[in-house]
Amino acid sequence: NTGVLAMDPQRLSEVLDVIVQVGTATGEEDAAIALVGSLRARLRAVTAAVAPAKRRPKVLSLEGLRPLAVGGHWLPEMKHLAGGVDELQEPGAPAAGLRWEQVLGYAPEVLILAPCVSPTPEDTLDELDRLASQPGFWALPAVRSREVYVVHHVLFSRAGPRLVNGVELLAKILHPEL
């Protein structure tokens, strides 16, 4: 009795659905349903906490630095739930390459660096000089206001419960006053 699960979640809600599917397939449906219930409660708590925010900053997260790339799928949704705006991608869209001119034109208010190829945030720091040498980097609103963050990519790139940790971290970055 071998079963096959086809899993290709594109949105955060689909990631949570996959957790239940895996729980059901492994005989742990009750545990999976309880886990997803607690994750959804945490997401509701974040959205309630950021609801009074007076503004929603423009966020750019770079999941690739060589070449530049923005992560897709659930990341735009995560930014929205955390009280930010991602005008470059729609929820569910695939990851996409980005030109430096697009970064300059977007003028992010918050810049998140979480490249998937960097094993650790320290490795990302080693590559930061390449990004900082780009023309106009120091004039970006995020850089001028010191809103540049290096974050471990596992909070954004891997479908699973850690994505909720990523939403919570984004909310703390975007709205520390709340």
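Student: What makes E168 count as partly exposed?

Tutor: In this predicted model, E168 has a relative accessible area of 23%. Buried would need a value under 20% and exposed a value over 50%. The 23% of E168 lies in between, so E168 is called partly exposed.

Student: Why is the contact of E168 with R42 called a salt bridge?

Tutor: The closest N and O atoms of E168 and R42 are 2.7 Å apart. The limit is 4 Å, between a side-chain nitrogen of Lys or Arg and a carboxyl oxygen of Asp or Glu. The pair is within that limit, so the name applies. Seven salt bridges are counted by this rule.

Student: How do you know that the pair links distant parts of the chain?

Tutor: E168 is in helix α8 (residues 162-174) and R42 is in helix α2, and the two are 126 residues apart. As for R42, its relative accessible area is 29%, and it too falls between the two cut-offs, so R42 is partly exposed.

Student: What makes R55 and E109 a salt bridge?

Tutor: Their closest N and O atoms are 3.4 Å apart, and the rule asks for a distance within 4 Å, so the pair qualifies. R55 sits in the loop between α2 and β1 (59-62), while E109 sits in the loop between α4 (100-106) and β5 (110-113), 54 residues apart. R55 has 48% relative accessibility and E109 has 28%. Neither value is over 50% or under 20%, so R55 and E109 both count as partly exposed.

Student: Are K79 and D86, which meet in a salt bridge, buried or exposed?

Tutor: K79 is buried, and so is D86. For that label the relative accessible area has to be under 20%. Their N to O distance is 2.9 Å.

Student: How do you know that D126 is exposed?

Tutor: D126 has a relative accessible area of 60%, and exposed means over 50%, so D126 is exposed. D126 lies in helix α5 (residues 121-132).

Student: Why is α1 called roughly antiparallel to α2?

Tutor: The axes of helix α1 (residues 12-25) and helix α2 (residues 29-50) cross at roughly 160 degrees and come within 7 Å. An angle over 145 degrees counts as roughly antiparallel, so α1 and α2 earn that description. The contact includes L12, L16 and I19 of α1 and A32, I33 and L35 of α2. By class, this contact has ten nonpolar, three polar and three charged residues.

Student: What makes α2 and α8 roughly parallel to each other?

Tutor: Their axes cross at roughly 15 degrees and come within 10 Å. Angles under 35 degrees count as roughly parallel, therefore α2 and α8 are described that way. L39, R42, L43, V46 and V50 of α2 make the contact with V164, N165, V167, E168 and A171 of α8. These residues divide into seven nonpolar, one polar and two charged. R42 and E168 appear in this contact, and they also form a salt bridge.

Note on methods: Residues are numbered from 1 along each chain as its sequence is written. This is a predicted model: local features need pLDDT of at least 70, side-chain atom pairs count only at pLDDT 80 or more; totals for chains, interfaces and linings use all residues. Side-chain values use heavy atoms; hydrogens and water are left out. Axes are lines fitted to C-alpha atoms, for helices over the stretch in contact, and angles run from 0 to 180 degrees between N-to-C directions. Helices (H or I, at least four residues) and strands (E, at least two) are DSSP runs, numbered from the N terminus. Angles under 35 degrees count as roughly parallel, over 145 as roughly antiparallel, 65 to 115 as roughly perpendicular and the rest as oblique. Contact means heavy atoms within 4.5 Å. Ala, Val, Leu, Ile, Met, Phe, Trp, Tyr, Cys and Pro count as nonpolar, Asp, Glu, Lys and Arg as charged, and the others, Gly among them, as polar. Buried means under 20% relative accessible area, exposed over 50%, partly exposed in between (1.4 Å probe, protein chains only).
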